[in-house]
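Student: I have a model open and I'd like to learn how to read its features one at a time. Can you walk me through it?

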Amino acid sequence: MLCFAEEIMLLLLDDRDGSFLPVPSSSVRSALAGAVLMDLALANRIDTDLHSLILVDDKPTGDALLDPTLARIAESEQAHDAHHWVQRTSDHADEIRQSALDRLVERGILNREEDRFLWVFRSRRYPTVDGTAEREVKLRIMGVLLSDEIPDPRDIAIIGLSDACGLFDHMLAPPELAQARGRIDQVRKFDLIGQSVANVVEQIDELNRLRARSDL
Amino acid sequence: MEVRMERREGALLAVPEGRIDSATARDFESKMKAAIQDDDRAVVVNLSQLSYISSAGLRAVLVIAKGLWRRDASFALCALPDTVREIVQLSGFDKIIQIHGSEVEALDAVGN
């Protein structure tokens, strides 16, 4: 089973050429942070309520993508809420992103290709080698969005993270998205870490809007 | 954790006591799954004796509700203390799970 950060990275790639979809990098950073925290919650290492994120067990999971964040939470002398840990963990989003991509390449799901642009600038693409995992994630998401079934915790998490990155703008046509919007908003609320990710993304968007206005 | 179980008016009535958090959520979930029989058509969980529920507890409730939804059986929560009601409402669980003020109301609703 893939971890949430790997699933998000798969969804962020354009199926046609393995390039990254144009989504706000600040949203992706928050979503990757949330992905790690959600995996730690499902591994029973942390728990959350409306006021705080609680360390349950500091025993490493053995997963190199998750354990650095678990260690930071364990080292913290003060209790903080999930919002704080999404912000703090997003400082390490570049490492999380690269580790997730490296693992997908190692698993034989993606291939890594480097392009040169104007002979100087390098860009990396990750074309899909085996599309099974990505199809499975998309099927899970669509299965929940197009029905009134009670979603399971993994489906709730991936829908909240996808929405935080703005991925549904790429996964669904505008009429489909308009139809699914209510269900997306309903499902993403079910997870408190997902709510915190959405709050952080909204705060950053608001800051960017204010900056843009002050630049005018 | 303690979960009192009884059958009332054709429904399984469960009354968990104390906290449902990361330490007890799995125990709560396995006790509920063990008590639910194949021919149960309705389950009511009375939360009046609960002092706290965390995300892990909400996930356990969700997994139980999903299992029952798949077999077309009814599921309801009732008698939520204020602190529990707050997190249940903020998580939007009240939009997909029946919530009732009292045990009588819940049993009546799932029975119909």
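**Reading helix packing, cores and backbone angles**

Tutor: Sure, starting with a helix pair: in chain A, the axes of helix α1 (residues 4-11) and helix α6 (residues 132-145) come within 10 Å and cross at roughly 95°. Keep in mind that this is a predicted model.

Student: How should I read a pair like that?

Tutor: In general, two packed helices are described by the angle between their axes and the distance between the axes. Here the angle makes α1(A) and α6(A) roughly perpendicular to each other. On the α1(A) side the contact is made by E7(A), L10(A) and L11(A), and on the α6(A) side by A133(A), E134(A) and V137(A). Sorted by type, the residues of this contact are four nonpolar, no polar and two charged.

Student: At what distance and angle do helix α2 and helix α5 of chain A pack?

Tutor: The axes of α2 (residues 25-42) and α5 (residues 93-106) of chain A come within 9 Å, with a crossing of roughly 70°. Since 65 to 115 degrees counts as roughly perpendicular, α2(A) and α5(A) get that label too. From α2(A) come R29(A), L32(A), A33(A) and V36(A), and they meet A93(A), I96(A) and R97(A) of α5(A). That contact divides into five nonpolar, no polar and two charged residues.

Student: Which members of the largest nonpolar core touch the most other members?

Tutor: The largest nonpolar core has 57 residues, and A5(A), I8(A), L32(A), V36(A), L37(A) and L161(A) touch the most other members. The element that gives the most to this core is α2(A), with 10 residues. You've already met L32(A) and V36(A) in the contact with α5(A). Another core lies apart from this one, with 35 residues, among them V61(B), L62(B), F75(B) and C78(B).

Student: What does L37(A) touch, leaving out residues up to four places away in sequence?

Tutor: With those left out, L37(A) touches I46(A), T69(A), A82(A), W85(A), V86(A), T89(A) and I193(A).

Student: Now chain B. What order do its elements run in?

Tutor: Chain B has four helices and seven strands, and from the N terminus on they run β-β-β-α-β-β-α-β-α-β-α. The radius of gyration of chain B is 12 Å, close to the 13 Å that the globule rule gives for 112 residues, so chain B is as compact as a globular protein of that length. Its C-alpha atoms fill a box of roughly 30 × 25 × 25 Å along the principal axes.

Student: How much of chain B is buried, and how far apart in sequence are its contacts?

Tutor: Of the 112 residues of chain B, 40% count as buried. Taking contacts in chain B between residues at least 6 apart in sequence, 73% join residues at least 24 apart.

Student: And how do I read phi?

Tutor: The general idea is that most residues other than glycine have a negative phi. D72(B) goes the other way, with a positive phi of about 65° although it is not a glycine. A79(B) has a positive phi too, of about 55°, and is not a glycine either.

Student: Where do D72(B) and A79(B) sit, and is each buried or exposed?

Tutor: D72(B) lies in the loop between α2 (55-70) and β6 (74-78) of chain B. With 7 C-beta neighbours inside 10 Å, D72(B) counts as exposed. A79(B) is in the loop between β6 and α3 (82-90) of chain B, and its 22 C-beta neighbours inside 10 Å make A79(B) buried.

Student: How many residues does each chain bring to the contact between them?

Tutor: Chain A brings 15 residues and chain B brings 19 residues. On the side of chain A that touches chain B, you'll find seven nonpolar, three polar and five charged residues.

Note on methods:
Residues numbered from 1 in each chain as written. Chains lettered and ligands numbered in written order. Predicted model: local features only at pLDDT ≥ 70, side-chain atom pairs only at ≥ 80, totals over all residues. Contact = placed C-beta atoms within 7 Å. Nonpolar A, V, L, I, M, F, W, Y, C, P; charged D, E, K, R; others polar. Axes fitted to C-alpha atoms, helices over the stretch in contact; angles between N-to-C directions. Helix = DSSP H or I, 4+ residues; strand = E, 2+ residues; numbered from the N terminus. Parallel < 35°, antiparallel > 145°, perpendicular 65-115°, else oblique. Core = buried A, V, L, I, M, F, W, Y, C linked by C-beta atoms within 7 Å. Buried ≥ 20, exposed ≤ 12 C-beta atoms within 10 Å, placed from the backbone. Rg over C-alpha atoms; globule rule 2.2 N^0.38 Å.
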